[in-house]
Structure formats: C-alpha cells, structure tokens
Amino acid sequence: SQSQNSSAWIDYRPTERLKTELTAKSSEKKYASVSQNIVRKDNKMSALEVYTIPLTRELSAYESIEYSLERNRLTAGNITTGDSVTGKTERTMLDVSTGLSYARQLTWALFSAGGSLGYYEERVEPGAGGAGVAYGLNTGLGGINLTYLTLGTNYDYSGVASDTVGQRQQTFKTNAVSSYIGYLPLSASYTYHTLDSYINAEDGEENTVTANAGMNYLNYLPVTASYSYYTLVRPSNPPPDFDMPYLYIKEKEENTFDLTTKLTYFRQTNITASYNHYDIAIDRGGSPPPDMQSVYIEEGGKEEDTFKVDTEMNYLKYLPVTASYSHYTLVRPDAPPDMQYVYIKEKEETSFSLKAKLIYFRNTDISAFVARRDYTLSVVDVNSSQRSDSFVRWDWGIDGSHKRILFRGNLTVSAGYRKSLSEINAVANEDVISTYIRGQYGK
C-alpha cells in the first residue's frame with residue numbers, strides 16, 4: 001500500500017479570556033488489488049472558540065463555538081462508501097454552548113464541577129442529521145494526597161436531546177501517582193467511555209488502562225517504561241446500508257509497551273536504547289471478497305517489535321560521530337484460504353548507519369556516511385504457496401559545502417557523491433552512482 005498524510009494546527013490567544021483553535025488533517029491511502037483501484041481518502045477540519053468570563057474567584061462562565069467538517073471516502077471499483085464505522089461520507093457539526101465552571105481548593109483535594117447548555121446541529125450524508133439541545137455535566141476531585149499516593153478522579157456526562165440526532169455519552173477517569181520510592185516514580189490511569197448514538201453503529205464501550213514507571217537509582221542510567229491497554233466493544237452489527245460490512249470493527253484490543261534508557265556515564269559518549277512492542281486484534285463484521293482482502297488485512301491484526309540503539313560520540317571536538325542500529329519484526333495472522341494477491345505474513349528488518357562530520361575548517365563542512373538495510377519476508381502467494389524473500393541494500397557517500405562572502409552577499413557551494421548497491425535473494429539487482437554540485441547566492 002501507499003499512503004500520504006498531512007496535518008496543520010493553530011492555537012491563537014488574542015486575549016487572556018479568548019482562546020481559538022484550528023486544526024486540519026488529510027490522508028490518502030492506496031491498497032494493492034489484482035483487479036481494481038482501491039483508494040481511501042479522509043479529511044477533517046475543525047475550529048473552536050472559547051471565551052471565559054470570571055464571575056468570582058471560584059466561579060466562571062464561558063461561551064464556546066465548535067465547528068467540524070469530516071469527509072471519508074473509500075472507493076473500490078464501482079463501490080463507494082464512507083468511514084469504516086457508519087459508512088457515511090460526510091459529517092458536519094455545529095455546537096454553540098454556554099456553561100459555568102466551579103473550582104475550589106479544599107483542605108484535602110481540589111473540587112471542580114460544571115454544566116453547559118446550548119444548540120447542537122449535525123448533518124450527515126447520506127440520509128441523517130438534525131438539530132437539538134446540547135447539555136453537559138461534569139465533576140471531579142484532584143490532588144487527593146494520601147502521603148505517598150496522589151489520586152484524582154473525574155466524571156463527565158453529556159448528550160443531545162433530539163428526535164433526530166439524540167445521543168448520550170459518559171466518561172469516567174481516575175489516576176494515581178506514587179512517590180513511595182523516591183527513585184522509582186509510578187503512575188497509572190483508567191478511562192471508561194460509553195456512547196449511545198442515534199447512529200446505532202457508533203454505539204460502543206471503551207476501556208483504556210495506562211501505567212508509567214521511571215527508575216533514577218543510577219544517575220548515569222535512567223530508565224523509563226510505559227504500558228497501555230485498550231479495548232473497544234460495539235453491540236451493534238454493521239448498518240444495513242453499509243456497502244462494505246466486512247470493514248466494520250465490532251471489537252478491538254490493543255497492547256503497547258515502551259522501554260527506554262540512556263547511558264551518560266562516558267563523558268564524550270551518549271548511548272540511547274529503546275524497545276517497543278505493539279499488537280492489535282480486530283473482530284470485523286464479516287469476511288471480505290477477494291478484491292477487498294488488501295484493505296481488510298492492511299487494517300487488521302498484527303504484532304510488531306522494534307529495538308533501537310543510537311550513539312553519539314564526541315571524542316574529537318571537530319569530528320562528531322553518530323551511529324544507529326535497529327531491528328524490527330512484524331507478524332500477521334494466517335492468510336485467508338482464497339487469497340488473491342501476495343500476502344506478507346512475517347517480516348524481519350535490520351538497519352545500521354554510521355555518520356561522521358568534519359567541522360575543523362571555519363567555512364567548510366565535510367561529512368561521510370555508510371548505511372546498510374536488510375530484511376527477509378515470509379510471503380504467501382496467490383496459489384497459497386509460501387516462500388521467503390531477502391533484500392539487502394548498501395548506501396555510502398560523502399558531502400561537502402563551503403560558504404564565502406562575495407560582493408556583499410553569501411555564496412554557498414556544495415558537492416556530493418553517493419553510491420548504492422542492492423541485492424534481492426543474493427542476486428545483484430541495482431547499482432546506482434550519483435553526484436551533484438550546487439551553488440546558492442543570496443544577500
């Protein structure tokens with residue numbers, strides 16, 4: 001598959017009371033298929049304005065306006081559908097609300113509460129939407145200090161009262177931070193969220209658990225670790241008008257683990273090592289036809305492991321050196337028996353790079369690098385036979401640049417030499433040599 005992603009975000013505060021946000025995201029992905037073009041396009045734009053008016057030291061009022069436009073389109077041959085939950089192609093939302101927020105510091109915790117009321121309008125294509133009254137209530141306690149344990153909790157209930165776009169959702173959050181062992185800070189959180197929407201396919205229950213730990217016992221070797229667990233369960237089946245029900249996610253389970261450490265014992269050398277594990281399991285609303293297997297599998301279950309080491313060496317003041325090593329593995333579920341295209345079931349990839357930069361000369365920089373990347377694939381062919389492919393690529397080169405003041409301006413001349421050699425299944429496949437010379441002049 002091939003994908004393109006772009007995003008933009010603006011946060012502007014013209015005054016202390018007024019806050020504005022503007023976000024935009026766009027993505028496009030093309031999937032492999034034997035007989036047709038399969039393209040997914042997702043675009044979302046949102047704007048938020050919040051104006052806050054302090055009434056007393058503990059009570060404040062606010063007014064908010066939120067607008068969002070979301071377009072989702074998956075095209076496969078003559079079939080076009082929207083997002084993988086509702087099948088809708090376009091969704092526009094406007095929420096204008098007014099609310100009150102109250103916060104008071106108690107002797108043992110920070111108490112907060114609030115409520116809001118406003119106008120809500122939503123238009124969905126095809127065939128849904130309307131308007132209603134939006135409402136919300138929230139309360140929470142934070143900073144509950146129990147000597148070596150600090151607790152916090154928050155509950156939020158909101159919805160829309162309407163015959164056409166009625167919905168209710170609630171969120172419960174709790175967190176804990178422990179400082180019982182000074183050099184071993186620990187924190188954990190739990191979030192529970194439910195949604196009951198006028199679009200039945202959106203109904204669902206989500207649970208998220210996170211845990212973080214740090215070890216600072218060794219000053220030159222700090223260690224941090226984090227873990228997260230997420231589940232999603234939807235009680236409904238795919239909408240009856242959904243053209244691609246096999247993309248509907250009924251259940252999802254995700255696990256993520258990260259471990260990072262940095263060795264700073266050596267004065268001129270820093271070494272950073274990290275390990276990441278991620279796995280996801282998805283239960284969908286059916287089995288796909290042959291032409292849609294690529295979408296079904298690309299967005300399906302998998303297990304990934306990544307180990308990485310980065311080194312910075314500054315023994316020579318004018319010749320800093322950096323080195324990097326990484327190892328990555330991917331494991332996917334067994335291929336469907338009627339597989340109609342090449343399916344990568346397992347992948348193992350190793351990469352290494354070394355780079356040095358000479359900065360001894362005042363206006364001249366010279367750098368050199370060498371890199372190697374190799375991976376092996378366990379592939380299932382169209383006829384369900386299995387094979388193993390290997391790929392190796394070497395890259396090396398040298399670059400240099402010189403800057404000089406010339407006629408009240410700056411002249412920069414750069415040149416470089418690159419060579420790459422690749423092999424597929426131990427057979428030379430490509431040998432590329434490239435050189436360049438560039439000049440730039442500006443005042």
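## A walk through a predicted, strand-filled chain

Start by selecting glutamate 90: at 28% relative accessibility, Glu90 counts as partly exposed. On this tour, buried means under 20% relative accessible area, exposed means over 50%, and partly exposed is anything in between, using a 1.4 Å probe and protein chains only.

Before you click on, a word about the model. It is predicted, and local features need a pLDDT of at least 70, while side-chain atom pairs count only at pLDDT 80 or more, and totals for chains, interfaces and linings use all residues. Residues are numbered from 1 along each chain as its sequence is written, and side-chain values use heavy atoms, with hydrogens and water left out.

**Stop 1: Glu90 and its partner**

Now add arginine 71 to your selection. Which residue does arginine 71 form a salt bridge with? Glutamate 90 is the partner, and the closest N and O atoms are 3.3 Å apart. A salt bridge here is a side-chain nitrogen of Lys or Arg within 4 Å of a carboxyl oxygen of Asp or Glu. Arginine 71 sits in strand β4 and glutamate 90 in strand β6 (residues 90–105), so this pair ties together parts that are 19 residues apart in sequence. Arginine 71 is also partly exposed, at 43% relative accessibility.

**Stop 2: zoom out**

Show the whole chain in cartoon view. You'll find one helix and 22 strands; these are DSSP runs numbered from the N terminus, helices being H or I with at least four residues and strands being E with at least two. The C-alpha atoms fill a box of roughly 65 × 60 × 55 Å along the principal axes. Of the 443 residues, 28% count as buried. Turn on the surface and you're looking at about 26800 Å² of exposed area, with carbon and sulfur atoms supplying 55% of it; the areas come from the Shrake-Rupley method with a 1.4 Å probe, and for residues only the protein chains shown count as cover.

**Stop 3: the nonpolar core**

Select Tyr120 and Met244. In the largest nonpolar core, which has 19 residues, these two touch the most other members. Strands β4 (59–76) and β7 (110–125) are the elements that give two or more residues to this core. To count as a core, buried Ala, Val, Leu, Ile, Met, Phe, Trp, Tyr and Cys residues must be joined through side-chain atoms within 4.5 Å. In soluble globular proteins, nonpolar side chains tend to be buried together.

Stay on tyrosine 120 and show its surroundings. Leaving out residues up to four places away in sequence, tyrosine 120 touches ten-odd spots to click through, including Met93, Leu94, Val160, Val165 and Gln167. Contact means heavy atoms within 4.5 Å.

**Stop 4: three strands in a row**

Select 167–178 and 186–196. These are strands β10 and β11, which run antiparallel and are joined by eleven bridges; strands pair when DSSP finds at least two bridges between them. Glutamine 169 stands opposite leucine 195 in β11. Next, add 204–215, strand β12: ten bridges join β11 to this strand, again antiparallel. Look for histidine 193, which stands opposite glutamate 206 in β12.

While you're here, click aspartate 196 and arginine 168, whose side chains meet in a salt bridge (2.7 Å, N to O). This pair links distant parts of the chain, with aspartate 196 in β11 and arginine 168 in β10, 28 residues apart. Aspartate 196 is partly exposed at 33%, and arginine 168 is partly exposed at 44%.

**Stop 5: along β3**

Go to serine 46 in strand β3 (residues 38–54). Which side chain does serine 46 join in a polar contact? Threonine 23, at 2.4 Å. A polar contact is a pair of N or O atoms within 3.5 Å; within protein, one must be able to donate a hydrogen and the other to accept it, and residues adjacent in sequence count only if both atoms are side-chain atoms. Beyond neighbours within four places, serine 46 also contacts Glu21, Leu22, Tyr67 and Ser68, among others.

Threonine 52 is in β3 too, and is partly exposed at 29% relative accessibility. Neighbours within four places aside, threonine 52 is in contact with Arg17, Ser60, Ala61 and Tyr62.

**Stop 6: more charged pairs**

The structure holds 14 salt bridges. Select aspartate 399 and arginine 418 for one of them, with closest N and O atoms 3.0 Å apart. Aspartate 399 is in strand β20 (residues 386–406) and arginine 418 in strand β21 (residues 409–424), 19 residues apart. Is aspartate 399 buried or exposed? Buried, at 14% relative accessibility, whereas arginine 418 is partly exposed at 33%. Finish with Arg91, Glu122 and Glu202, which are linked in a network of salt bridges.
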